[in-house]
Amino acid sequence: MIEDFLKEWMTLGARLKNIVVLDARQSMVGKSDLRRVFSDRYFEMDPALILVLDEAKGFALTQKSPVVLIDSDVLASSLKSLMGETLNLKIVGMGDKKVANLVREIPGWEVMMPQSEYELKQIIPKIESHFGPLYIHML
């Protein structure tokens, strides 16, 4: 389903020039397409460096809409850095859904977990209009 999400997100990215993608996934799925669509707004980050969240916060402070693509196991090790966050951050996690349940417990964070391509298409407009910290968990 990540392929479907990336396809939808690339459609948004072509239209909304304030979206910045920080890709810290180990998977190569969709990376070349993301590079093509987002061009100078696409940054491939080392998954071992959790600095990607700090980079995203920096973009959010400059009125950009950062989207972090990250493996859930990497995100799990840095959940404390999300505490008290109110910036317009979008984090897309892939992998173990236990992380989504942990993010749910962080005050101020909204969590979305689409279970099908249909649900994914339904939440894309919500993601686009949502302001504030949001975690989208992909299966």
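**Exercise 1. Which residues does glutamate 85 touch, not counting residues up to four places away in sequence?**

Conventions first. This is a predicted model, in which local features need pLDDT of at least 70 and side-chain atom pairs count only at pLDDT 80 or more, while totals for chains, interfaces and linings use all residues. Residues are numbered from 1 along each chain as its sequence is written, and side-chain values use heavy atoms, with hydrogens and water left out.

Step 1. Locate the residue: glutamate 85 sits in the loop between α4 (72–76) and β4 (90–94). Helices (H or I, at least four residues) and strands (E, at least two) are DSSP runs, numbered from the N terminus.

Step 2. Apply the contact criterion, heavy atoms within 4.5 Å. Glutamate 85 then touches Lys57, Trp109 and Pro133.

Step 3. Look for polar contacts. A polar contact is a pair of N or O atoms within 3.5 Å; within protein, one must be able to donate a hydrogen and the other to accept it, and residues adjacent in sequence count only if both atoms are side-chain atoms. The side chains of glutamate 85 and lysine 57 are joined by one of 3.4 Å. These two residues are 28 apart along the chain, with their C-alpha atoms separated by 9.1 Å. The glutamate 85 side chain also reaches the backbone nitrogen of leucine 87 at 3.5 Å.

**Exercise 2. Is glutamate 85 buried or exposed? Classify glutamine 63 in the same manner.**

Step 1. Set the classes: buried means under 20% relative accessible area, exposed over 50%, partly exposed in between (1.4 Å probe, protein chains only).

Step 2. Glutamate 85 has a relative accessible area of 12%, so it is buried.

Step 3. Glutamine 63 has a relative accessible area of 66% and is therefore exposed. Its place is the loop between α3 (51–61) and β3 (65–71). Phi of glutamine 63 is near 70°, a positive value in a residue other than glycine.

Step 4. For another positive phi, take serine 39, at about 50°. Serine 39 is in the loop between α2 (31–38) and β2 (42–44).

**Exercise 3. Describe the surroundings of histidine 137 and leucine 69.**

Step 1. Histidine 137 belongs to strand β6 (residues 134–138). Its relative accessible area is 0%, so histidine 137 is buried.

Step 2. The side chain of histidine 137 reaches the backbone oxygen of glycine 95 at 2.9 Å. Leaving aside neighbours within four places in sequence, its contacts include Gly93, Met94, Gly95, Asp96 and Met112.

Step 3. Leucine 69 is in strand β3 and counts as buried at 2% relative accessibility. With the neighbours within four places left aside, the contacts of leucine 69 include Phe5, Leu6, Val21, Leu34 and Val92.

**Exercise 4. How many helices and strands does the protein chain have? Assess its compactness.**

Step 1. There are six helices and six strands, running α-β-α-β-α-β-α-β-α-β-α-β from the N terminus.

Step 2. The radius of gyration of the protein chain is 13 Å, close to the 14 Å from the globule rule for 139 residues, so the chain is as compact as a globular protein of that length. The radius is taken over C-alpha atoms, and the rule is 2.2 Å times the number of residues to the power 0.38.

Step 3. Add the other totals: the C-alpha trace spans about 35 × 30 × 30 Å along its principal axes, and buried residues make up 50% of the 139. Among contacts between residues at least 6 apart in sequence, 62% join residues at least 24 apart.
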